[in-house]
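Work through the exercises below with the model open. Try each task before reading its solution.

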Amino acid sequence: PLNPANVQGDILVGLPKKVQHYLFFQIDDDVTAFRKRLRLLIPLITTTVQVQDDRAKIVANKKKAAELGKAPELLRLSGVNIAFSQFGLNKLGIKDNLGDTAFATGQQKDSQGLGDAGAPDANNNFVPNWINAFKNQIHGVVIISGDCDLTVTATQAAVLAIFNIGAHITLHEVITVKGVVRPGAEKGHEHFGFLDGISQPAVKDFDTKPNPGQETVSQGVILCGREGDVVAGTTTPFTRPAWALDGSFLALRYLFQLVPEFDNFLKASADPTKGFTSDLLGARLVGRWKSGAPVDVFPLADNPAAGKDPLQNNNFRYDFPNDFDTQDRCPFAGHTRKTNPRNDLEQLGFSTENRRIIRRGVQFGPELTPEEVSSGKTHHGRGLIFAAYCGSITNSFQFIQQSWANNQGFPIQKPVSPGFDAIIGQNNQGPDDNGPRSMSGANPNNQTATLSLPIEWVVPKGGEYFFSPSIPALRDTFSL
Ligand code: N7H
């Protein structure tokens, strides 16, 4: 049976965070020294069991504070996890094939397939419009989370000190991307304003009390080598080396969001005199109201109490009698419907189990400034460090982006083609600007009408595919 102490803590539970740094690194040429230092890092790596303890401490601390009528104490808790790319495995001399073609290729080579904007270079190799740091070969990422900037910065310094004791450098930082949870009432909401992180699959025999509507998946959907680690739609197991057991792939994307531009589009495209408000339009593009309440259950008005209630906010399947073949309640191209179509596929006999991912990640960048609101233009970079754990990138992350979000015909061709996922769908056609996008079903009063989506409000600027090994693999295979 699964021993949670063997699994890195971000995968099944999630490192608690107000601040989270992603330290993308390259391993220096003295690989033996790096592997010895990695051994020293292992005691700092937060396992699933430790994350559960930390979360219990946070709950108790909040409870105590409420009883005393005070603000909760800063616990100075931090978490550390590590993951490696294919380039990192190559550098370490680990030659086993992990059995995932997307991972082996790396995300930069996969970016054209994901629909990222870019252009061919002189050798006719596609180069995405990413920031330069991510055009380097990245060997791995250290994820450092904690309750405030100081805790995380101090923990990051401790991690770097291990790898670079004295003047002996074994690891180089390529870039540290710094995430921060949004303040006050926006906590847990991404930058467009929507509550995020609601719908996650429950993992069999680990998440033993799923919420209503939350589906339980086989362990192998998230953890390599476990039951259900199979090619989607088949019973064929992936071939993995033995050390891959209880590791998980991590698809990381550095996604910028054009928030004032998105807000202005919603305002300009709404028709409030007919009850089609910009809030309703936004909710239909996402599949949920800003509060988190699903439009499939609350099609006409938000229900903030239901939005934050785990007993209500995931309890839907897009199978209300009138929603099967129409877009009454939720457009087919709504982001949540595109990325987890639930009964749209199951009614056709297709299981979505192996397409599921566990989303972690965090927001980055400041709140909107008054100038940005008044000009309708983004001046400060902000968005989502998207992080998805899965037992297979080809089964899930890559497939969701490529074959669902970017596929205008998905999920159902009736009554009209759904179009692109309004939030993340990408139409890669040109060097600077992506091709045109549109969707249907945005307006509940006119479901066959096509809504043109003039720009992409989510802009990928980097990323990589990683593998987050188990603690035993870090000890016995990765370190010395
Ligand atoms: Fe999405 N958003 O604010 O609009 N996402 N997402 N996502 N996403 C979800 O149900 C968002 C991205 C999924 O099970 C919610 O937990 C933004 C990528 C999946 O019903 C919101 C970005 C991919 C789900 C957002 C972004 C996905 C999901 C509702 C980029 C995969 C669960 C909260 C900046 C390729 C669907 C919730 C389900 C939910 C937003 C990216 C996938 C609000 C802004 C790249 C599987």
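**Exercise 1: polar contacts to the ligand**

Arginine 359 has a polar side-chain atom 2.7 Å from an oxygen atom of the ligand. The model is a predicted one.

Task: find how far a polar side-chain atom of arginine 288 lies from a ligand oxygen, and do likewise for the side chain of serine 199.

Step 1. Take arginine 288: the distance from its polar side-chain atom to a ligand oxygen is 3.0 Å.
Step 2. Take serine 199: an N or O atom of its side chain is 2.5 Å from an oxygen atom of the ligand.
Step 3. Apply the cut-off: a polar contact needs N or O atoms within 3.5 Å. Therefore the pairs at 2.7 Å, 3.0 Å and 2.5 Å count as polar contacts.

**Exercise 2: the iron and the shell**

Task: which protein atom is the donor to the iron of the ligand, and which helix holds its residue?

Step 1. Search around the iron: the protein gives a single donor, NE2 of His335, at 2.0 Å.
Step 2. Place the residue: histidine 335 belongs to helix α11, residues 335-339.
Step 3. Widen the search to the shell: 27 residues surround the ligand, and the nearest are Ile198, Ser199, His335, Arg342 and Arg359.
Step 4. Sort the shell by class: 13 are nonpolar, eight polar and six charged.
Step 5. Assign elements: at least two shell residues come from each of β9 (248-257), α11, β12 (383-390) and α14.

**Exercise 3: two helix pairs**

Task: describe how α6 packs with α14 and how α2 packs with α7. Two packed helices are described by the angle between their axes and the distance between the axes.

Step 1. For α6 (residues 107-114) and α14 (residues 397-405), the axes come within 10 Å and cross at roughly 30°. So α6 is roughly parallel to α14.
Step 2. List the contact: α6 brings Asp110, Gly113 and Leu114, and α14 brings Phe397, Gln398, Gln401 and Gln402. By class there are two nonpolar, four polar and one charged residues.
Step 3. For α2 (residues 31-41) and α7 (residues 149-163), the axes come within 8 Å and cross at roughly 140°.
Step 4. List this contact: Phe34, Arg37, Leu38, Leu40 and Leu41 of α2 meet Val159, Ile162 and Phe163 of α7. The classes are seven nonpolar, no polar and one charged.

**Exercise 4: backbone exceptions**

Task: where is the residue with positive phi, aspartate 205, and where is proline 411 of the cis peptide bond?

Step 1. Recall the background: most residues other than glycine have a negative phi, and most peptide bonds are trans.
Step 2. Aspartate 205 has phi near 60°. Aspartate 205 sits in the loop between β7 (202-203) and β8 (216-217).
Step 3. Phenylalanine 410 and proline 411 are joined by a cis peptide bond, with omega about 0°. Proline 411 is in the loop between α14 and β13 (437-440).

Note on methods: Residues numbered from 1 in each chain as written. Predicted model: local features only at pLDDT ≥ 70, side-chain atom pairs only at ≥ 80, totals over all residues. Heavy atoms only, no water. Donors = N, O, S within 2.8 Å, 3.2 Å for Na, K, Ca; no water. Helix = DSSP H or I, 4+ residues; strand = E, 2+ residues; numbered from the N terminus. Axes fitted to C-alpha atoms, helices over the stretch in contact; angles between N-to-C directions. Parallel < 35°, antiparallel > 145°, perpendicular 65-115°, else oblique. Contact = heavy atoms within 4.5 Å. Nonpolar A, V, L, I, M, F, W, Y, C, P; charged D, E, K, R; others polar. Near = heavy atom within 4 Å. Polar contact = N/O pair within 3.5 Å; in protein donor to acceptor, adjacent residues only side chain to side chain.
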